[in-house]
Amino acid sequence: MRARSHAVLAASVVLALAAGPLAAPAFAAPPAPASRSADQRGPAEEALRAAIAGLPNQYATAALVRVGTPGGDWHGSAGVRDLASGRPAHPDARFRAGSITKVVTAATVLRLAAQDEIDLDAPVQGYLPDLFTPDFEQPISVRHLLNHTSGIKPGDGLGDNFAELYAHRYETLTPQQVAASAMAKGPEDFVPGTRQQYLNINYTILGLLIEKVTGRSYASEARRLVLRPAGMHHTYFPGTDPRVRGSHNRGYQVVERPDGTTGPVDVTEWNQADRWAAGDMISTAADLERLLTKLFRGKIVPQPELEEMFTTPAGVPGADRSAGLERREIGGQVFWGKSGSRYGYSAVVAGTRDLSRTLVYSVNSTDAKSAGPKPVGDAIAAAALR
């Protein structure tokens with residue numbers, strides 16, 4: 001069943017959000033709603049419709065949702081394709097998936113490990129000797145990169161806040177430059193494997209590792225080993241192309257104007273080359289649902305390598321991230337998933353390991369990189385993951 005809201009943002013609405021700080025997205029646990037009996041475990045359709053009703057509003061301009069349950073599936077869309085025309089949101093739109101790219105990168109590495117082309121316990125310094133400086137004396141294994149326990153510092157970007165990044169949005173910062181800037185800072189002051197620190201740099205280096213061991217581009221290997229087996233025919237890696245190709249809903253960021261008021265700025269076009277294997281993928285909700293189901297069913301990564309995606313590092317305080325995924329307990333159920341955000345776009349893919357409940361959504365959030373609450377996404381998750 002498909003639900004749509006065709007409301008248009010009124011010109012008199014003053015958006016009350018200001019540009020937020022850069023923040024790593026999290027697959028957050030929503031408040032646990034009231035329990036329902038086992039024979040009523042289908043999608044909470046009324047709650048899901050309510051979660052995306054009234055778009056566009058001050059929090060988001062569009063939303064796409066796919067929920068899978070034992071009692072059936074629910075697909076919904078709401079909002080507008082763009083604020084200028086007010087046309088209904090495209091229900092099968094492509095969007096920036098952000099850090100959900102890491103799920104594909106992790107699966108690619110694990111496929112190569114299953115083929116004995118990568119040893120997860122081997123020091124990455126041995127694979128990429130020209131990248132690491134002598135300061136990195138402690139061995140950093142491939143597994144440390146996968147579960148964010150490497151102790152490598154973040155690489156440089158094209159700015160430290162929205163205004164700076166937006167000004168440079170058409171420029172190219174290569175993954176090699178990002179990695180080199182991280183190496184120049186030296187390692188963190190902890191032994192690899194003893195602390196979990198979620199950073200894009202781990203997956204940037206994994207992208208370089210994939211290219212080194214295969215002799216082919218990251219994008220071509222991710223397509224061959226993950227996208228094609230998953231049937232993700234509408235997903236691609238844009239490289240330095242700032243556009244979102246094909247049907248898409250435009251993304252906006254609310255910013256403060258010189259006169260003190262706030263309003264939306266179109267952020268759809270953006271060169272994401274520096275995000276690369278950590279976060280540049282463009283996908284669709286249906287494709288991400290295919291990724292989730294094929295991956296969890298062992299159709300992409302074989303055993304025992306698949307267990308890496310459902311195993312958090314032992315002995316690391318507070319560790320809740322595995323190879324490409326994040327663990328959350330919600331209402332007595334364990335969900336594994338990943339969130340991602342780029343300016344104008346917030347996305348989540350999550351499910352129980354047995355796939356008895358799944359969720360994929362993309363919200364065109366007007367403050368996608370903020371560390372604060374996301375009213376639309378939170379309401380979707382509360383209705384779906386109950």
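I started with Ile-152 and looked up what it touches, skipping its neighbours within four places in sequence. In this predicted model, Ile-152 is in contact with Phe-132, Phe-136, Ile-140, Leu-145, Ala-182, Met-183, Gln-197, Leu-199, Ile-201 and Ile-205.

Next I checked the cores. Ile-152 belongs to the largest nonpolar core, which has 72 residues. Along with Leu-146 and Met-309, Ile-152 touches the most other members of that core. I then asked myself which helix gives this core its largest share. That turned out to be helix α2, residues 101-114, with eight residues in the core. There is another core too, lying apart from this one and made of 23 residues. I noted a few of its members, including Leu-48, Ala-51, Phe-335 and Val-363. From my general reading: in soluble globular proteins, nonpolar side chains tend to be buried together.

Then I turned to strand β1, residues 60-69. Is β1 mostly covered or mostly open? I found β1 mostly covered, with ten of its ten residues buried.

Which strands does β1 pair with? One partner is β10, residues 358-365, which runs antiparallel to β1 and is joined to it by seven bridges. I looked for a matching pair there and saw Val-67 opposite Leu-359 of β10.

The other entry on my list is β2, residues 72-79, which pairs with β1 over eight bridges, again in the antiparallel sense. Here Ala-62 has Gly-79 of β2 as its bridge partner. I also followed the chain from β1 to β2 and found a hairpin joining the two through two residues.

Terms used. Residues numbered from 1 in each chain as written. Predicted model: local features only at pLDDT ≥ 70, side-chain atom pairs only at ≥ 80, totals over all residues. Heavy atoms only, no water. Buried < 20%, exposed > 50% of the residue type's maximum accessible area, 1.4 Å probe, protein only. Helix = DSSP H or I, 4+ residues; strand = E, 2+ residues; numbered from the N terminus. Pairing = 2+ DSSP bridges. Core = buried A, V, L, I, M, F, W, Y, C linked by side-chain atoms within 4.5 Å. Contact = heavy atoms within 4.5 Å.
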